[in-house]
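Below are my notes on the model, set out as numbered points. Please read them alongside the coordinates.

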Amino acid sequence: MIHPATPPANRLPSRRISAFIWLFAFVIWASLLLPASAQWATETYYLQPGWNAIWLPIDCSDRTIDTVLAVPTTVSGDPSFGPLVLEIWQWNPPSSGGFTTSPSTPSTTDVQWRQWAQGAGGSLGALTGNAAYLIHLDDGLPPPNEVGFPMGFPVSVTGKPLLPSLPWSNSGVNLVGFQTASSNPIDFYDFFKICPALAGNPNTFQYVGGPLTSNPVQVTAPSNTPVSRNQAYWVQSTTYTSYYGPIAITISGASQLSYGTTTVNLSVQIKNVTDPAQNQSLTATLSPSSSAGAPDGPDIAGDVPLMVQSAVNPTTGGYTYTPLTSYTTPSLAPGQYTTVVLAVNRAAMTAAAGSVYQSLLNVTDSLGYTSINLGVNATTSSYAGVWSGTATITNVDEVLSNGTVDAGGNGTVTVTTNPTTGVVSPFALRFLLHQASGGGSNLLQQVFVANDATNAQYACLTEAGLSAITNRSGPAGRLSTAFFPPGGQGQPGVYSGSGAVGLSGSSTYSINLGAGDSTNPFLHEYHPDHQAPNSYPVTRTVTLTFQPTLTGVSDTDPSWGSTTLGGTYQETISGLRAAAQNAGVNVTGTFVIHRVNTAAALQQ
């Protein structure tokens, strides 16, 4: 039978020890197999003393195996406690196929295996995902069923979930595993019959524990033998296949749903890959679930709040987004596929900038064959950078003319300070903001933006500032608005705010127009009665109140909360009305801003 290589001569002797001590050791092993920042999935294996074969669908490659298995030499006062994992072998299938018709006749000797041995190391330095392993446990362990574990010793391993990818070869026997349902798994006959390359009951072998000389054994009753989740089997195939279940999953060219800080949406394509001759239609269900706990502390900010994109609205040409609780695809005939677009509700990610949200997306098929976990992660955005916005003005103070006139001919009017009557036609008012990394914001009249050769972004108040950018790449751009004045004496217009850009809170900006400022509305360059001595100062006070949602925008734009924000706009213009009235002109509406540059600092 299969013997990957001669075991190291210096491996530790077998010990018959408590199953609870053994489980404690493996829990330590599992908890160390974890990268520092990722979403986590836990897989449970049921192992026997001796030789076992497992399929690892999660990645645990951040640490060496020696570090992973560095467990105490005594536990619970038992000085005889020692390492229980004697050997680990990773199947490294050669491109030409590792075996012909039976795993007992290898076509090569060493290149198809990478090995780790207790106390001796070896060519296998880490445990990578989407790979098969032989695990040799201490042969002296008691039979699991004698100590309360009828299925085998349960071992939970946590790591980073990967999109399934099996190293099938059509020239021999493949050591592969499948992410079948944990409860009531399907049998080999039904699992293979829907795949054209495997429908003829291929030769299949499995490891059952005990000595290597007794493994693997052939599956002789495929219709009565379940395909255990993530157990590895030798399966012979004479035709190439990429089969790992009745559905094939593709994620926007990646192995997980990784949104980073700005990605708007990602697509998950699901295809029915069953044999057309079986005429087996199916659906797939996508359900979010929480990530397993991180081993180094509570560094998970929360679950990623996913949303499902609707079909296109034929009238508006847009989409709507609803929270993902459970989504079932339309029925798919063999060969058909569907694409599910998932967006992140960043408005619900309220942790500090740079916080990482992590969770899982579980995909199951309606046949009950597979249950596949996909990793999902997103990072809260920093709002630093240049924002271009438009305010839509819908209300303006109305001056009521039914005032009174005294004997001297002096009239009074009543001014509505909280307008409720809308304008006849809303108008747009464009503006620019810059948010600094420290939280302060400025209202700008103009800004110059550029990138350097490393794609770092810059924002400059003057065109001259662009010359200070070394290795500038591509053309620079100038953004400006005619709705706000430049600074005095040719200086750029920069108006400091009292708050920051975000999903909540407000920021107020004051724009003071002196009696002699060129943009003062009372000033006229060529009229003697409208020169500075006869002019009046005017003050514009702009308040932006940010909101977590904005009807018609946040429910249709998946970039809301990341690179799109908005809320209510209010501006009071003081100095246009008679001082006796002591009231400014109030205008209100809504605003939406989009980030166009990520430079955290403004340069001159």
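How many Å² does the protein expose, and what share of it do carbon and sulfur atoms supply?

1. Surface and burial. The exposed area comes to about 26700 Å², and carbon and sulfur atoms supply 51% of it. Of the 604 residues in the protein, 47% are buried. These values belong to a predicted model, and the points on confidence below should be kept in mind.

2. Confidence. The average pLDDT of the protein is 82, and 82% of the residues score at least 70. Among the elements, β18 has the highest mean pLDDT, 97, whereas helix α1 (residues 19-31) has the lowest, 39. Over residues 1-37 the pLDDT stays under 50; the model nevertheless has 107 contacts beyond four places in sequence for them. A second such stretch is residues 104-108, again under 50, with 10 contacts beyond four places in sequence.

3. Overall make-up. The secondary structure consists of three helices and 35 strands. Among contacts with a separation of 6 or more, 74% join residues 24 or more positions apart.

4. Nonpolar cores. The largest nonpolar core holds 62 residues, and I249, L257, Y259, L306, L342 and L361 have the most contacts inside it. Another core, of 31 residues, lies apart from it; F546, Y569, I573 and V592 are among its members. Leaving out residues up to four places away in sequence, L257 touches I251, L266, V268, L342, L361, G375, V376 and N377. Two of these, L342 and L361, are also listed with L257 among the residues with the most contacts in the core.

5. Strand β12. Residues 247-251 form this strand, whose covered face carries I247, I249 and I251 and whose uncovered face carries A248 and T250. Five bridges pair β12 with β14 in the antiparallel sense. I249 has I270 as its bridge partner in β14. I249 is also one of the residues with the most contacts inside the largest core.

6. The five-stranded sheet. Which strands stand at the edges of the open sheet ordered β13-β21-β20-β15-β18? The pairing in this sheet is mixed. Its edge strands are β13 (257-258) and β18 (327-328), each of which pairs on one side only. β13 runs parallel to β21 (residues 371-379), joined by two bridges. Within that pair, S258 has N377 of β21 as its bridge partner. N377 is also touched by L257.

7. T329. Is this residue buried or exposed? T329 is found in the loop between β18 and β19 (337-344). With a relative accessible area of 4%, T329 is buried. Not counting residues up to four places away in sequence, T329 touches I270, T283, A284, L286, T338 and V340. L282 is 47 residues from T329 along the chain, yet their C-alpha atoms are separated by 9.0 Å.

8. The four-stranded sheet. A further open sheet of mixed pairing has the strand order β29-β27-β28-β35. Its edges are β29 (472-480) and β35 (602-603); each has a single partner strand, so one side of each is left without a neighbour in the sheet. β27 (residues 446-452) and β29 run antiparallel, with six bridges between them. One of the residue pairs involved is N451 with S473 of β29.

9. Backbone geometry to check. Most residues other than glycine have a negative phi, and most peptide bonds are trans. The peptide bond from N215 to P216 is cis, with omega near -10°. P216 lies in the loop between β9 (204-206) and β10 (217-218).

10. Positive phi. Where do N279 and N455 sit? N279, with phi near 50°, is in the loop between β14 (265-272) and β15 (284-290). N455 has a phi of about 70° and is in the loop between β27 and β28 (457-460). N279 is exposed, at a relative accessible area of 62%. N455 also counts as exposed, at 54% relative accessibility.

Conventions:
Residues are numbered from 1 along each chain as its sequence is written. This is a predicted model: local features need pLDDT of at least 70, side-chain atom pairs count only at pLDDT 80 or more; totals for chains, interfaces and linings use all residues. Side-chain values use heavy atoms; hydrogens and water are left out. Two strands pair if DSSP finds at least two bridges between them. Buried means under 20% relative accessible area, exposed over 50%, partly exposed in between (1.4 Å probe, protein chains only). Contact means heavy atoms within 4.5 Å. Accessible areas come from the Shrake-Rupley method with a 1.4 Å probe; for residues, only the protein chains shown count as cover. A nonpolar core is a set of buried Ala, Val, Leu, Ile, Met, Phe, Trp, Tyr and Cys residues joined through side-chain atoms within 4.5 Å. pLDDT is the predictor's confidence in each residue, from 0 to 100.
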